[in-house]
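Q: Could you take me through one part of this model in close-up? I'd like to hear what sits beside what, strand by strand.

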Amino acid sequence: MKFSALRVVKEALTGHKGWKPLWRNPQPQPDYDIVIVGGGGHGLATAYYLAKTFGKARIAVLEKGWIGSGNVGRNTTIVRSNYLLPGNQPFYEFSMKLWEGLEQELNFNAMVSQRGIINLFHTDAQRDAFRRRGNAMHLSGADAVLLNRDALRQKVPFLNYDNARFPIKGGLWQPRAGTARHDGVAWGYARGADMLGVDIIQNCEVTGFRIDAGRVRGVETTRGYIGAAKVGVAVAGSSSRVMAMAGQRLPIESHVLQAFVSEGLKPVIPGVITFGAGHFYISQSDKGGLVFGGDIDGYNSYAQRGNLPVVEDVAQGGMALMPMIGRARLLRSWGGLVDMSMDGSPIIDRTAIDGLYLNGGWCYGGFKATPASGFAFAHLLATDRPHETATAYRLDRFATGHVIDERGAGAQPNLH
C-alpha cells in the first residue's frame, strides 16, 4: 500500500475502511540467513537496508516487546551531526543525509523537521572550542555557523543572556539539524522492511545463543529455537545482558536517561537549544509541549524510570537558561535504558564468536544515528567489512588505546 495525498482523500471519503496494518505479524520460521536481535530503530533499519541495499533475504527481527516499546520510543527526538572527532563526524553527517531523504525513501511520514540546533557558549574558551568543532563539521561537508551574541539574540531573544553566573556569549548553529517523530521512524522502517520480506516477530525474547565450535548457530527464544547463519545484536541498554548469554563481556554500563515534556504551549522555541553551562537541551513538539532532558542517572540500572535528583537538576538547568518556562507545568516524564560505553562512542563490529555481530554503546546518541547505524550494521553483516564511516567503531579499541572520547572527559560513563 503506497501512501499519498490522493489516498488520504479517498479514505476520508469512504470512512477510512481501506487502511491495512503497516506490517505482518508472522510466526517465526525454523531458521533464517540473518537474525537481528532487537526491534528498535537500529535493528529495524539494519533489516531494511540488508534487504533493500544489499539484496539479502530470509531475515528476521526479534523484539521482546512490541515495536516502539524500547528506546526508539523513549528519547527526545533530536537529529544532528555537530560532532568534532574524525571517528564520529563523518558517520553522523552520513546519518544526517539519510535523515533528509528518509520520508521519500520509506514513503512514510516520520515528521523530520530541520529546524536547526544551537549549542550555546558562555566563555571565550568555550567559543574557541565550538569554532574548532564547526571547522571539523565543515571538513565533513556538514553545515555550521558561529553566532555572536547579537546574531543569537535575534534568533532566540527569550534566553537569559545576562545571567550572573552563566552569561550567554553566542552559539554554534547547525541549520540542517532538528527533530523527527520517534514512533514514526520505527513504524516507517518496520513497514519498509516488512514490504521487502523481513519477518518482524514481536513478543519474542532471546534467552540464549546456541554456539558450536566458536560459531553461532542460532538463538533460543521464548517462542522456540531459531537457527541463523549470522546474528546481529542491537538491543541498546540490554547489550551487556544479551551478550553475556554468549559469554561476552562488554565495555558498557547501562544507565537510565530521563526525558520530560510539558503541557502544550504556543510556539515559542524555533529549534533545538542546548545549555553550555550544564547538561540541558530543549525543543518544542508539534503539539506544543516543551521536550527536554539532561544527564543520565548516576547509578547502573535496567529500569525504565528515573529519580528525583535528576529531575531537579534538569529543572534547574532549564530555569537558568530560560526563566520564562518556570510556570509551565510538567505533563509527564519517562526513562530510556542507554548503553554507555567507556569513551562515549558506539561499537559496530564483529565479536570473537564467528557469525555474531554487535551494534551498541550509543550513549546519548542513539536516535540521531538510526539511519547510519542501520546502514553501517547492514554493510558489516552483508560484507564482513566495516562501512567507511564506521571504521573507528571497533570493539577492541579499548584494548588497543584507539578510543574516541568526544568530550575529552575521561573513560567513565558518568563523565560523558
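A: Here is a close look at one strand and its partners, followed by a sheet elsewhere in the chain. Keep in mind that this is a predicted model.

Let's start with strand S18, residues 356-360, which is mostly covered: five of its five residues are buried. Leu356, Leu358 and Gly360 point one way from S18, while Tyr357 and Asn359 point the other way. Buried here means under 20% relative accessible area.

Now for the partners. Strand S17 (residues 347-350) pairs with S18 in the antiparallel sense, over four bridges. In that pairing, isoleucine 348 sits opposite asparagine 359 of S18. S17 and S18 make a hairpin with five residues between them, and glycine 355 in the turn has a positive phi of about 90°. Strand S11 (residues 224-233) runs parallel to S18 and is joined to S18 by three bridges. There, glycine 232 stands opposite tyrosine 357.

Next, the sheet. It is open, with eight strands in the order S5-S6-S4-S13-S14-S15-S12-S16 and mixed pairing. Strands S5 (145-148) and S16 (330-341) stand at the edges with a single partner strand each, so one side of each has no neighbour in the sheet. On average, neighbouring strands of this sheet are turned by 25° against each other, direction ignored.

Inside that order, S12 (residues 252-264) and S15 (residues 289-300) pair in the antiparallel sense over six bridges, and alanine 259 stands opposite glycine 293 in S15. Helix H9 (residues 308-321) lies across S4, S12, S13 and S15, running at about 135° to S15.

Conventions. Residues numbered from 1 in each chain as written. Predicted model: local features only at pLDDT ≥ 70, side-chain atom pairs only at ≥ 80, totals over all residues. Heavy atoms only, no water. Pairing = 2+ DSSP bridges. Helix = DSSP H or I, 4+ residues; strand = E, 2+ residues; numbered from the N terminus. Axes fitted to C-alpha atoms, helices over the stretch in contact; angles between N-to-C directions. Contact = heavy atoms within 4.5 Å. Buried < 20%, exposed > 50% of the residue type's maximum accessible area, 1.4 Å probe, protein only.
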